[in-house]
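Here is a quick tour of a protein model, written for someone just getting started. Have the picture open as you read, and look up each residue as it comes along.

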Amino acid sequence: MKYSHDWEPRVLAGARNDTLREWQDARRVMSRRSLLGMGAVAATGLLVPTGLPSARALPASQTDAAGELTIDLAVEPPTLDPALVYEADGWSVVHSIYDAPVQLGPGGALQMVAAEAMTQVDDLTWEIRLRPGIAFHNGEPLESSSIAFSVAHILDPETASQVAGSFGVIEEVEEVDSLTARLLLSTPAPWLPSQIAPWLALLPPEYAGDPANDFANNPVGTGPYRFVRWDRGSQIVLERNEQYQASGAKGEPIAGSVTVRFVADGTTRVTDIVSGASQLVRSVPFDQLQVVAETADVIAQPIAGCAFVRIPTDVSPFDNPAVRLAMNHAVDVEGIIAALFGGNGERLANVFVPGGLGYDESLAPHVYDPELARQLLAEAGFADGFSTRLAHTTSDRADLAAAVAGQLAAVGIEVALEPVETATFNATWKDPEAAPLRFLTWRPLYDPFTLLGLVISSSGFLSRYSDPEAQALIEAGAAETDPEERDRLYRELGQVLHASPAGIYLWSLTSFYGLSRDVQGWTPRPDDWILPLAAEGAS
Amino acid sequence: MNAVDFAVRPTAAQASPTSLPRAALLGWPDTVRYSGSAAIGLTLLAALAMLALIGPAWWPLHPETQDLANRLAPPWGFGGTAAHPLGTDSLGRDTLARVIAGARVSLPLSVAATAAAGVVGVTLGVLAGYRGGWVDGIVSWLSDVQLAIPFVVFAIVVTATFGHSVANILLTLVVTGWVAYARVIRLQTQALRQAAWMEAARAMGAGPVRLLGRHLLPNLAATVAILATQQAGAMILYESSLSFLGLGLGGSTVTWGGMAALGRDAVFTAPWAAAVPGAVIAAAMLGFNLTGDWLATRGRR
């Protein structure tokens, strides 16, 4: 396996934003100034007044290791129980407080965090050896009993974790000594690290075992920051864990006190970073990158994840593969990437992404060809097209779903858009009454096991896709312990999913963060978690 | 009962029961000529109605046709071209074509909601005012309950329960709008019921149908017309607010509120994308409100 993908974030500061200008060149943009009648800037010209010293004359909040840092995320997690958090914003908070034994890096590389080593003893045994001398925020020592306790917590039916199924492969946790535990499996599970990295945050058995402590709302971990308080509906406050033993891969704290705010509206996040109320914001709306670049840096971080429109196969007309192929040919993905992402990202041939297992550079994505799409539809008996519905969450960019829907309409497929709350969206994955098409983004995909198991496998918790050939390969890939062979199986699966699509495959993800120039050393991550940490090798 | 609103008008009606209603509806041309705001209001409404009626035939571009390479083009006169006189949105769709498509949704919807709310509100108001007693009690209670429910919260509940559809948004608007009619009409009916000429009609043996149809309703017509024009403006704003918040007709129906919502992301770099639909909403509201104000002024004379 070789992954030539470039994970370097692109930093676009206002004073040197040639790249930003280039992204915007395709658009006829006009500066606010010329709209206001000053007319000094040509209509197609550049927006950002470069090198103005006044641009930085904001209330300076010098962020250093002892300073304060305010971060704007978009989605507030319903709980801080690590077993019940499933998306990047929730993980951003959870993994600021907790450490898992390991984390994954590009290419699925296993990186040690709280563990000194994690090795596969045989097909059915993983051994985790924890680093000595680590203590929880409340003083409890980190020992191998924590691994057993945390696994048991995920498996507990009362926890009702969506990943209890995949952790169910762990039959027993054997405590070899005070720092070493062995996971004894019922079947080979080469994908286990991809489950451990996000979900097996190490819990303090004594503290978390007492229901009175309500650890889901008052978390105590071994991570870089300790939990201070949670103002529901608004913010979570953290403070630096002075005892933290940083691992090079995850990184060390960059601030003494961190306030994580949940700001659903993109324009509000932009206002926050521009006014100096926040120093780091997630998901800057594409059309406001220039506004942010006037006072802060814009970071374009490639993310190991994909966007696609899920197509179910259990309902007409989508049960016909030709219809699903036609839909893939109907969407000008490259055009959307160019216009709505400034060229960041690439069209995907299936759900596998650069930097993840199973990505096949040689497999060309479907080409944009509306004529071919119409022809395929006609051959499938839908010469006049058909009507359907497409759901997306209200926290997604509405323009992306609208762009896809508009292009499907151009070949005769009338798509009614249904923006729904994230909670409703997640409750209706298999609901036959809900919109059959749904706009998805999925990250991280270093190891595609979770996505395949939940969304593509015919037995998946969230799946309405079924293809016998794909199913056999999904199951074979989940059981194959040789990484090279597993990658090969997934590439083969990629071809099946390409020919019998499970969705309209769109683009690899890019995140746009806004970062105050006062913040030093923060490391963006290809899994899109925003941790207030500086990792090894970061400037 | 909250005696906050409209208490003046029924009293005026009582003072001159026969001169009020007809006068408001007679002699439009003259009064329009002498009232600048009425002229503006009626012109705006006529222009928007024309846009909705013959717009698609007159302006050939399709509201859904995308041109991603030409997104957020500024309006003509602000650096744009005559090909897209009002510019394009964030997917390169022609704003003028979308304003027209939005007019064909927003205007009929607002008028229908106004009419339906009017029928419900007037019926309940007349019943409450004429019958009094427990009927009045129930209607007054219902309107108090309705006024206590925040509009947006109600809209969220309806959308979450029944989904996005014309029927549901109409339901939301009617449930929100009927109270304004019912409260005013109830008061006025109470006043008219005791008027001497109603007493006379009753003494001459007129039954309830004749009393209501021949004597009461015609005397309420002017008030209803005034209320309706003012309500229509409010309905435009309500409908736009719902669409702006994503509680309206869903993402694929073109509405002015939806256009403003989509344009909001680009508000710093391409303010016209939100400003144009915003201006159209303002124009429609202004049109209805100026017309309504003028009718109300006429009514008071």
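Let's start with helix 4 of chain A, whose buried residues are A:Ser144, A:Ser146, A:Ile147, A:Ser150, A:Val151, A:His153 and A:Ile154. Keep in mind that this is a predicted model. From there we'll move through some strands, a couple of single residues, the contact between the chains and the predictor's confidence.

**Helix 4 of chain A and its surroundings**

- What covers those buried residues? The cover includes strand 6 (125-130), strand 7 (170-175) and strand 8 (180-185) of chain A, along with helix 5 (164-167), helix 6 (192-199) and helix 7 (205-208) of chain A.
- Here's a little check you can follow: helix 4 covers residues 144-155 of chain A, and at 1.5 Å a residue its 12 residues should span 16 Å. The end C-alpha atoms are 17 Å apart, which agrees.
- As general background, an α-helix has 3.6 residues a turn, so residues three or four places apart point the same way.
- Now hop over to A:Gln195, which sits in helix 6 of chain A. Is A:Gln195 buried or exposed? A:Gln195 is buried, because 22 other C-beta atoms lie within 10 Å and the cut-off for buried is 20 or more.
- Leaving out neighbours within four places in sequence, A:Gln195 is in contact with A:Val163, A:Ser166 and A:Phe167.
- A:Gln195 and A:Phe167 are 28 residues apart along the chain, and their C-alpha atoms are separated by 7.6 Å.

**A hairpin in chain A**

- Strand 3 (residues 102-105) and strand 4 (residues 109-112) of chain A pair in the antiparallel sense, over four bridges.
- If you want to spot the pairing, look for A:Val102, which stands opposite A:Met112 in strand 4 of chain A.
- Three residues lie between the two strands of this hairpin, and A:Gly107 takes a positive phi near 80°.
- Strand 3 of chain A is covered on both faces: A:Val102 and A:Leu104 are buried on one side, A:Gln103 and A:Gly105 on the other.
- In general, side chains in a regular strand alternate between the two faces of the sheet.

**Strand 14 of chain A**

- How many residues of strand 14 (residues 297-310) of chain A are buried? The count is 14 of its 14 residues.
- Both faces are covered, with A:Ile299, A:Ile303 and A:Val309 among the buried residues on one side and A:Val298, A:Cys306 and A:Phe308 among those on the other.
- Strand 14 of chain A pairs with strand 18 (residues 503-515) of chain A in the antiparallel sense over 10 bridges.
- Five bridges join strand 14 to strand 17 (residues 437-442) of chain A, and these two also run antiparallel.
- A:Cys306 is a handy landmark: A:Cys306 stands opposite A:Ser508 in strand 18 of chain A, and opposite A:Trp442 in strand 17 of chain A.

**The core and the contact between chains**

- The largest nonpolar core has 230 residues, and A:Ala100 and A:Leu390 touch the most other members. The largest share of this core, 16 residues, comes from helix 5 (residues 95-131) of chain B.
- Beyond four places in sequence, the contacts of A:Leu390 include A:Val309, A:Ala405 and A:Phe439.
- A:Ala405 lies in helix 13 of chain A, and A:Ala405 is buried, with 27 other C-beta atoms within 10 Å.
- Setting aside those same-stretch neighbours within four places, A:Ala405 is in contact with A:Leu390, A:Val415, A:Leu417 and, across in the other chain, B:Ser252.
- The contact between the chains takes 35 residues from chain A and 27 from chain B. Helix 13 of chain A gives the largest share of chain A's side, nine residues. That side divides into 20 nonpolar, nine polar and six charged residues.

**Chain B in brief**

- Chain B has 12 helices and zero strands.
- Of its 301 residues, 50% count as buried.
- Among chain B contacts between residues at least 6 apart in sequence, 74% join residues at least 24 apart.

**How confident is the predictor?**

- Chain A has a mean pLDDT of 87, and 88% of its residues reach 70 or more.
- Among the elements of chain A, strand 13 (residues 280-281) has the highest mean pLDDT, 97, and helix 2 the lowest, 32.
- Over residues 25-63 of chain A, pLDDT stays under 50.

Methods: Residues are numbered from 1 along each chain as its sequence is written. Chains are lettered from A and ligands numbered from 1 in the order in which they are written. Two residues are in contact if their C-beta atoms, placed from the backbone, lie within 7 Å. Ala, Val, Leu, Ile, Met, Phe, Trp, Tyr, Cys and Pro count as nonpolar, Asp, Glu, Lys and Arg as charged, and the others, Gly among them, as polar. A nonpolar core is a set of buried Ala, Val, Leu, Ile, Met, Phe, Trp, Tyr and Cys residues joined through C-beta atoms within 7 Å. A residue is buried if 20 or more other C-beta atoms lie within 10 Å of its own, exposed if 12 or fewer, and partly exposed in between; C-beta atoms are placed from the backbone. pLDDT is the predictor's confidence in each residue, from 0 to 100. The expected span of a helix is 1.5 Å times one less than its number of residues. Two strands pair if DSSP finds at least two bridges between them.
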